[in-house]
Every structure is written in structure tokens, then in C-alpha cells.
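Dear colleague,

Please find below the structure that I am handing over to you. My notes on its side-chain contacts follow directly after it.

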Amino acid sequence: MPLIILTGLPTSGKTTRANQLHAYLSERISSHQSQTGNTAPPYRLHLISDTSLSIPRTVYDLSAVPAHARSANSSEKDARAAVYGAVKRVLSPRDIVVLDGLNYIKGWRYQLFCEAKNLSTPSCVLQVGCVPDRARGVNEARLERRARREKRDGGEVGDGDGGEDDDEEEPYEPPNWENLVFRYEEPNPMTRWDSPLFTLVWEDDEARAKEVFDDIWDAIAGEGRKVVKPNQAAMQRGKDGGGDYLYLLEKETQDIVKQILERQSEEGGGEVRIPRSSGESGKDDLMVELPGKKVGLPQLQRYRRAFVGLNRGGIGLEGVGNLAVGRLRESFVGYLNDAFEKDE
């Protein structure tokens with residue numbers, strides 16, 4: 001089932017919306033199961049976030065990284081690799097994955113989109129909208145509560161008395177927060193990896209959130225769900241004569257080289273009859289006119305590689321039938337005859 005990617009500014013309420021969406025989807029799955037009477041749920045639900053993977057906020061902080069190494073922030077790349085691995089392990093036609101996180105890089109969202117498409121399952125993006133000043137205020141409030149907690153606990157972070165403050169999300173350091181806002185790349189519904197795009201803003205109430213969640217459910221599991229086909233480039237071609245041009249090119253030229261080596265005389269020269277199709281001899285056989293000396297395998301392979309290199313442009317053509325095979329063999333025989341004539 002699909003991948004739901006949440007994105008938005010830091011401390012803009014993404015985790016709150018992710019938990020609401022997770023609760024909504026759990027209810028819809030249970031309702032669907034009770035209506036159908038199945039013992040097993042139709043879908044499995046997963047919520048993946050930095051918190052669930054124990055990824056700290058500091059991995060996004062570039063202030064501790066030398067200026068020349070900031071473009072290759074290894075800690076953030078390692079964090080994205082952990083998230084990608086977690087998504088890839090559970091994403092399947094029967095799994096709904098809610099990915100809660102910054103997801104602020106469009107190239108990262110494209111990578112996730114490709115992973116979902118490769119599994120023939122849909123994906124969508126839920127943007128949590130919030131003005132920067134409000135999100136900054138949330139982060140500053142968390143920083144103040146953390147400072148009070150550290151003062152109360154004698155400067156030891158995370159060693160509280162079990163109050164409500166101990167369960168909330170950790171804040172970002174101010175320079176880190178500002179840098180993430182500066183680097184945030186807004187999703188664009190005109191691009192295929194950011195569509196369909198759903199939006200919830202800070203002020204949206206529970207009723208509005210339910211409307212958006214209904215639309216998401218319809219897009220991923222309802223009547224509005226589209227059939228997703230993997231990229232053709234990612235589909236493995238079969239080795240048959242019906243569609244793999246490169247395979248046919250290699251196979252037919254190798255067969256002609258083999259027949260020349262088997263049928264030429266010990267003295268060299270003369271002609272060798274080559275069938276227009278493998279294993280079928282007839283009146284329309286092709287003729288290879290050999291030079292006066294015996295032709296060896298290295299020379300034939302050199303000609304064959306040159307011919308294949310000149311004709312690789314047909315890779316990807318569909319519907320390669322018997323006529324195309326005949327043309328390939330005829331073209332290669334003509335190429336060999338021209339090459340042998342020039343060598344004499």
C-alpha cells in the first residue's frame with residue numbers, strides 16, 4: 001500500500017498531524033475489516049519518524065561541521081539512509097507507511113516516490129503549513145522549557161521527574177532551526193513526486209483535518225486510487241525474440257561467427273552459407289565471401305564488436321520480430337563481406 005510523506009517547516013506541527021493521521025487510518029482499517037468480516041486486517045499500518053528511529057536533532061546541525069564539509073553532511077546522510085531503510089523494509093502492497101519528518105529536500109522526496117513506484121504502490125505528500133514566526137515561537141518555547149528542566153535537574157538533560165515536559169519533542173538549536181527553514185524546498189503539485197499534494201495549516205480544526213484525511217484515504221485506498229506502473233527502465237527484459245534488441249543483436253552475430261568458424265575450409269577462402277534465421281537453411285541463405293586466408297576467432301570477434309557498437313542505437317525497440325532478425329543477419333553478413341574485401 002501507499003507511502004504518505006509529511007513535510008513542513010521544523011516545529012510546524014508535523015508530528016501532531018502524523019499522530020492524528022495514524023489514528024484516523026487505524027480507525028478506517030478497523031472499520032473496513034469489520035464490514036468485510038475478514039479475520040485479518042486488509043492493510044498494515046506503520047508510523048516512521050526520527051523519534052521512532054532514535055535520530056537526534058543534532059544530525060541536521062551544520063554549525064559543528066567545517067565549512068568545506070557542509071555540502072556533504074555525513075550525519076544527515078546517515079540519518080536519511082536509516083529512514084530510507086526503515087521505509088523500504090515495510091513498504092509493500094499491504095502496508096501503509098506514514099513518514100513523519102522534515103522531508104525538506106525535493107530530491108529526497110523524489111527518491112521515496114521512486115521506491116513506492118517501483119513497488120507499484122501510490123504515494124502522496126501531506127504538507128503541514130505554518131508561518132515561520134509561529135513555528136519559531138514553538139521552538140523557542142521548547143528551548144525555554146528545556147532550560148528550566150536542566151536548571152531544575154542540575155544541568156543534566158533528559159533526567160526529569162517524569163512530567164509532561166519529558167515526553168515532548170526536543171527543540172532545535174536556533175542556528176540549526178534558521179538554517180533548516182532557509183534550506184526548506186516547498187513541494188510543488190506540478191511535479192509527479194509531490195502529487196497528489198494535500199495541505200493542512202496550523203489553524204485547521206479537527207473537522208477540516210478529517211476532510212483532508214478522507215481525501216488521502218480515497219487517493220490511496222479508495223475509488224480515487226490510480227494504478228501505478230513501475231518505470232519501464234526498471235523492468236527486467238526477458239531473453240526472448242519478441243522485445244530485447246540487444247539480446248538479439250548479440251545472439252545472432254555470435255551465431256554467424258560460430259557458423260563461419262565451423263564451415264570454413266582449412267585452406268581458407270571460398271563461401272560460407274548462413275541461414276537468414278537460426279537453424280533454418282533454405283534457398284535464401286546468405287553468403288559470406290571469405291578472404292584467401294583462413295579467418296580466426298579474434299578477427300571475427302573484432303568485426304562483431306565493431307558491428308554491435310554501430311548498431312546499439314536500436315536498444316529499447318519493441319516488437320522485434322522474425323523480419324528484424326533476418327535484417328540483422330543480412331546486415332552483419334554484408335558488413336563482414338565489406339570488411340573482408342578491404343583486408344584483401
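Arg-80 and Glu-76 form a salt bridge through their side chains, with N and O 3.0 Å apart. Please note that this is a predicted model. Both residues belong to helix H2 (residues 74-90), where they are four residues apart and therefore separated by about one helical turn. The two partners differ in their surroundings: Arg-80 is partly exposed, with a relative accessible area of 22%, whereas Glu-76 is buried, at 5%.

The search of the whole structure gives 21 salt bridges. Another of them joins Glu-178 and Arg-136, whose closest N and O atoms are 2.9 Å apart. This pair links distant parts of the chain, as Glu-178 lies in helix H5 (residues 174-183) and Arg-136 in helix H4 (residues 132-152), 42 residues apart. Glu-178 is partly exposed, with a relative accessible area of 37%, and Arg-136 is likewise partly exposed, with 24%.

A further salt bridge brings together the side chains of Arg-152 and Asp-153, at 3.4 Å from N to O. Here Arg-152 is partly exposed, with a relative accessible area of 46%. Asp-153 has a value of 19% and counts as buried, because the limit for that class is under 20%. In addition, Lys-251, Glu-252, Asp-255 and Arg-329 are joined into one network by salt bridges that share partners.

I turn now to the aromatic side chains. With ring centres required to lie within 6.5 Å, the count comes to eight aromatic pairs. One pair consists of Tyr-24 and Phe-213: the ring centres are 5.6 Å apart and the planes are at 45°, so the pair is tilted. It links distant parts of the chain, with Tyr-24 in helix H1 (residues 14-36) and Phe-213 in helix H6 (residues 206-220), 189 residues apart. Tyr-24 is buried, with a relative accessible area of 9%, and Phe-213 is buried, with 3%.

Phe-307 and Phe-332 make a tilted pair as well, with 4.9 Å from centre to centre and 45° between the planes. Phe-307 lies in helix H8 (residues 297-310) and Phe-332 in helix H9 (residues 322-343), so that this pair also links distant parts of the chain, 25 residues apart. Both Phe-307 and Phe-332 are buried.

Two further items concern aromatic rings. Tyr-110, Phe-113 and Trp-193 form one aromatic cluster. The charged end of Arg-302 sits over the ring of Tyr-303, at 5.6 Å from the ring centre.

With kind regards

How values were computed: Residues are numbered from 1 along each chain as its sequence is written. This is a predicted model: local features need pLDDT of at least 70, side-chain atom pairs count only at pLDDT 80 or more; totals for chains, interfaces and linings use all residues. Side-chain values use heavy atoms; hydrogens and water are left out. Rings of Phe, Tyr and Trp (its six-membered ring) pair if their centres lie within 6.5 Å; planes under 30 degrees apart count as stacked, over 60 as edge-to-face and the rest as tilted. Helices (H or I, at least four residues) and strands (E, at least two) are DSSP runs, numbered from the N terminus. Buried means under 20% relative accessible area, exposed over 50%, partly exposed in between (1.4 Å probe, protein chains only). A charge sits over a ring if NZ of Lys or CZ of Arg is within 6 Å of the ring centre and within 35 degrees of the ring normal. A salt bridge is a side-chain nitrogen of Lys or Arg within 4 Å of a carboxyl oxygen of Asp or Glu.
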